[in-house]
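Biologist: I am new to this structure and would like to learn how to read it. Please take me through it one feature at a time.

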Amino acid sequence: MFKVQSSMYKYLSPLISHRSFLTSYSFLLFCFLLFATLPSIAQTEKPPLPKSMQTEAPGVKKKPKFTTGGGFGFQFGAYFNTIEVSPQVGVYATPWLHVVANAQYSYMWRRSYYNSHVWGLGIALEPIIIKKIVTHVGYEFSQLHFKWLDGSPKQVENFHYVVLGGGYKQYISQRIYFQALILFNIPLNQPTIQNYYYNYYPFFRVGIGVDL
């Protein structure tokens, strides 16, 4: 019996050794392939693009990408101070061109001289020039309710502007962005209200937007 077992081991031992060799070789090959593919896996894990920059899957009809949001503005000069609240909506005509429409309410004053309430509407194009730099080209209509504090009658006047400027746009997340603009008003009609200096200083507008 011992001789039979010895004989069987004599014939099976090469097979056992060969099987162990194949197992070890297969394990080493698996480890090599795993470590070889790790760099390519890491390279494919890129941060998600902002929603406005994403493209639709092939065969899927493209849908407009809307935005909503708002912000506040401010303007300070030698003769007045202004603060503004401005909700807005928009749509991306292309991934690099944002079309926005907004409404504004502003309060303008000079201590001991006058105060005024301003309501307005506007529409603008905001092309992205380079990665985070945007320009602003638009039209705004405003109605000014102006009151001198010396008891003079209140005056109401309409204004039309071309608004030019630019600024910085930064995505906080995939959908939410922060934007800051410096704008200049170019009047299309001349004001008749005495000492009205609204047009002569830059206007700052900052806000938060959400891609839908």
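Biologist: Which residue takes a positive phi in the hairpin of β5 and β6?

Modeller: G151 does, with a phi near 95°, in a hairpin that has six residues between the strands. Before going on, note that this is a predicted model, in which local features need pLDDT of at least 70, side-chain atom pairs count only at pLDDT 80 or more, and totals for chains, interfaces and linings use all residues. Residues are numbered from 1 along each chain as its sequence is written, and side-chain values use heavy atoms, with hydrogens and water left out.

Biologist: How are strands defined, and what counts as pairing?

Modeller: Strands pair through backbone hydrogen bonds, either parallel or antiparallel. A strand is a DSSP run of E of at least two residues, numbered from the N terminus, and two strands pair if DSSP finds at least two bridges between them. Here strand β5 (residues 133-148) and strand β6 (residues 155-171) are antiparallel, with 14 bridges. In that pair V134 stands opposite G167.

Biologist: Which strand does β6 form a hairpin with, and how many residues lie between them?

Modeller: The partner is β7, and four residues lie between the two strands. They pair in the antiparallel sense over 11 bridges, and G166 has I182 of β7 as its bridge partner. Strand β7 (residues 176-187) is in turn joined to strand β8 (residues 203-211) by eight bridges, again antiparallel. There Y177 stands opposite G209 in β8.

Biologist: What do the strands form as a whole?

Modeller: They form a closed barrel of eight strands with antiparallel pairing, in the order β1-β2-β3-β4-β5-β6-β7-β8. From one strand to the next the twist averages 25°, where axes are lines fitted to C-alpha atoms and angles run from 0 to 180 degrees between N-to-C directions.

Biologist: How many salt bridges are there?

Modeller: Side chains of opposite charge can pair when their charged atoms come close. The rule asks for a side-chain nitrogen of Lys or Arg within 4 Å of a carboxyl oxygen of Asp or Glu, and by it the count comes to two. One joins R205 and E84 at 3.0 Å, N to O. R205 is in strand β8 and E84 in strand β2, so this pair ties together parts that are 121 residues apart in sequence. The other joins R205 and E140, with the closest N and O atoms 3.2 Å apart. That pair links β8 to strand β5, 65 residues apart. Salt bridges that share partners thus join E84, E140 and R205 into one network.

Biologist: Is R205 buried or exposed?

Modeller: Buried means under 20% relative accessible area, exposed over 50%, and partly exposed in between, with a 1.4 Å probe and protein chains only. R205 has 10% and is buried; E140, at 7%, also counts as buried. E84 is buried too.

Biologist: How many cavities does a search of the whole structure find?

Modeller: Rolling a probe the size of a water molecule over the atoms shows where empty space is left. On a 1 Å grid over the protein atoms alone, a cavity is a set of points where a 1.4 Å probe fits but cannot get out, and lining residues have an atom within 4 Å of a point. The search finds three cavities of 30 Å³ or more. The largest holds about 160 Å³, a volume being the space filled by probe spheres set on the points, which are joined across faces, edges and corners. It is lined by 16 residues, of which G70, Q88, Q179, R205 and G207 lie nearest its centre. Strand β8 gives the largest share of that lining, five residues.

Conventions. On a 1 Å grid over the protein atoms alone, a cavity is a set of points where a 1.4 Å probe fits but cannot get out, and a pocket is an open set with protein on both sides within 12 Å along at least five of seven lines; lining residues have an atom within 4 Å of a point.
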